[in-house]
Amino acid sequence: MPAPPPRTSWGGERGREEYGAARCARAARPCDGRMPRMDTLMTDVAALLAEVACETILPVYQHIEANPQEVTPGEWVTSADFAAEAALIPRLQALLPDSVCVAEEASKDDPRVLERLGNTGRVWLIDPLDGTSSFAQGKQPFRSMLALMHDGQAVASWIHDPISGSMAIAERGSGAWLDGAPIRVPDFTSASDGLRGSVLRRFLSEDVRARADAAVHRLGAEVPASMCAGSDYVALAQGPVDYVLYWRTLPWDHIPGALFLTEAGGVVRRLDGHAYAARTHAQKGLLAARSEEVWALARAELLPPLI
């Protein structure tokens, strides 16, 4: 366990209220209806996500009250994970009374919760705090993420940065927005200058890790893994990162970002080229890239040939 995070200058109850209020005001700005084609539900959920972050995440960030615990090597949980999830579930179900929730911490307590991913109807997929290992050490990045699924398919997603207030939103078939403005992945012209990408090695098998280690520098520059999928997917859509290779593919980590990136023009696929879906979360390997060309180049270099 790391040393307890330092107390910030926002000490005490009054200080934390001011800290949360300042961030909440900034977070609310993208949710003011400026997003074209977004209906009331989309903006209501964005506002709710920012509100819950201000209530449950920001007040304990860099405070001992976060109570970080390493539940397994490299896997962390904090009081903010539980508090944010507990706040989101009833409010999301109030927005859609016929919906059910699949939330990260509840799923750890009862794996049968994952069976709801196969439900017909509407399912909320909740990652209350993505990047908990950073949060637990008083560092960034970390995000809060949601996806709304209908009949097993993601139809909307939200990725919120509690610190900056930035909000990434996607609606299937309508596009992606970042802070109220439409976003498209920048055009990819050539790989002649090399690619910038990340490989999350922690869960890789030895043979795949060895191949990736040798190949990543042939592709170009390696970007240190952020350990926050929500941050990765937004970076892929903006352009500073060209690809990210994941091995573990839990649905709350990847469904929100996968919809955002694909609606922005990027590519997210299993290593055999098939689409990523929540029901296939037990499978290993997922490659996200800014374009078809980048996906194919990274797949060919980083991983063994398909049989």
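**View 1. Ser144 sits in strand 5 of this predicted model.** Strand 5 covers residues 143-150, and Ser144 is one of them. Is Ser144 buried or exposed? Ser144 is buried, with a relative accessible area of just 2%. Look for Pro128 here too: a polar atom of the Ser144 side chain lies 2.8 Å from the backbone oxygen of Pro128. Which other residues does Ser144 touch, once we leave aside its neighbours within four places in sequence? Besides Pro128, Ser144 is in contact with Leu49, Ile57, Asp127, Trp158, Ile159, His160 and Pro162.

**View 2. A cis peptide bond leads into Pro141.** Follow the backbone from Gln140 to Pro141 and you'll find a peptide bond that is cis, with omega near 5 degrees. Where does Pro141 sit? Pro141 belongs to the loop between helix 5 (132-136) and strand 5. That's the strand from the previous view, the one that holds Ser144.

**View 3. Asp179 and Met227 are two loop residues to check for their phi angles.** Asp179 has phi near 55 degrees, which is a positive value in a residue other than glycine. You'll find Asp179 in the loop that joins strand 8 (175-178) to strand 9 (181-182). With a relative accessible area of 33%, Asp179 is partly exposed. Now switch to Met227, where phi is near 60 degrees, again a positive value in a residue other than glycine. The Met227 loop runs between strand 11 (220-222) and helix 7 (229-238). Met227 counts as partly exposed as well, at 43% relative accessibility.

**View 4. Glu75 and Arg248 form a salt bridge.** The closest N and O atoms of this pair are 3.1 Å apart. How many residues apart are the two partners along the chain? They are 173 residues apart, so the pair links distant parts of the chain. Glu75 is in strand 2 (residues 75-77), while Arg248 is in the loop between strand 12 and helix 8 (251-263). Glu75 counts as buried at 18% relative accessibility, whereas Arg248 is partly exposed at 28%. This is one of 14 salt bridges in the structure.

**View 5. Arg290 and Asp242 meet through their side chains in a salt bridge.** The N to O distance here is 2.9 Å. Arg290 comes from the loop between strand 14 and helix 9, and Asp242 from the loop between helix 7 and strand 12. These two are 48 residues apart, and they too link distant parts of the chain. Are the partners buried or exposed? Both Arg290 and Asp242 are buried.

**View 6. Glu292 of helix 9 pairs with Arg269 of strand 13 in a salt bridge.** Their closest N and O atoms are 2.6 Å apart. Along the chain the two residues are 23 residues apart. Glu292 is partly exposed, with a relative accessible area of 47%. Arg269 also counts as partly exposed, at 22% relative accessibility.

**View 7. Helix 9 has a buried side.** Helix 9 spans residues 292-302, and its buried residues are Val294, Trp295, Ala298, Arg299 and Leu302. Why do they end up on the same side of helix 9? Because they cover an arc of only 125 degrees around the axis. And what covers these buried residues? The cover includes strand 10 (195-199), helix 6 (206-219), strand 12 (243-246), strand 13 (267-269) and strand 14 (286-289).

**View 8. Glu51, Glu55 and Arg91 are linked in a network of salt bridges.** Add Cys54 to this close-up, and you have a buried residue with a relative accessible area of 11%. Cys101 is another cysteine to pick out, and it counts as buried at 4% relative accessibility. Don't go hunting for disulfides, though, as the structure holds zero of them.

**View 9. Zoom out, and the protein shows nine helices and 14 strands.** How much of the protein is buried? Of the 307 residues, 55% are buried. Among contacts with a separation of 6 or more, 66% are between residues 24 or more positions apart. The accessible surface comes to about 13300 Å², and carbon and sulfur atoms account for 52% of it.

How values were computed:
Residues numbered from 1 in each chain as written. Predicted model: local features only at pLDDT ≥ 70, side-chain atom pairs only at ≥ 80, totals over all residues. Heavy atoms only, no water. Buried < 20%, exposed > 50% of the residue type's maximum accessible area, 1.4 Å probe, protein only. Helix = DSSP H or I, 4+ residues; strand = E, 2+ residues; numbered from the N terminus. Arc of directions from axis to C-beta. Contact = heavy atoms within 4.5 Å. Disulfide = S-S within 2.5 Å. Areas by Shrake-Rupley, 256 points an atom, 1.4 Å probe, with all protein chains shown as cover. Polar contact = N/O pair within 3.5 Å; in protein donor to acceptor, adjacent residues only side chain to side chain. Salt bridge = Lys/Arg side-chain N within 4 Å of Asp/Glu carboxyl O.
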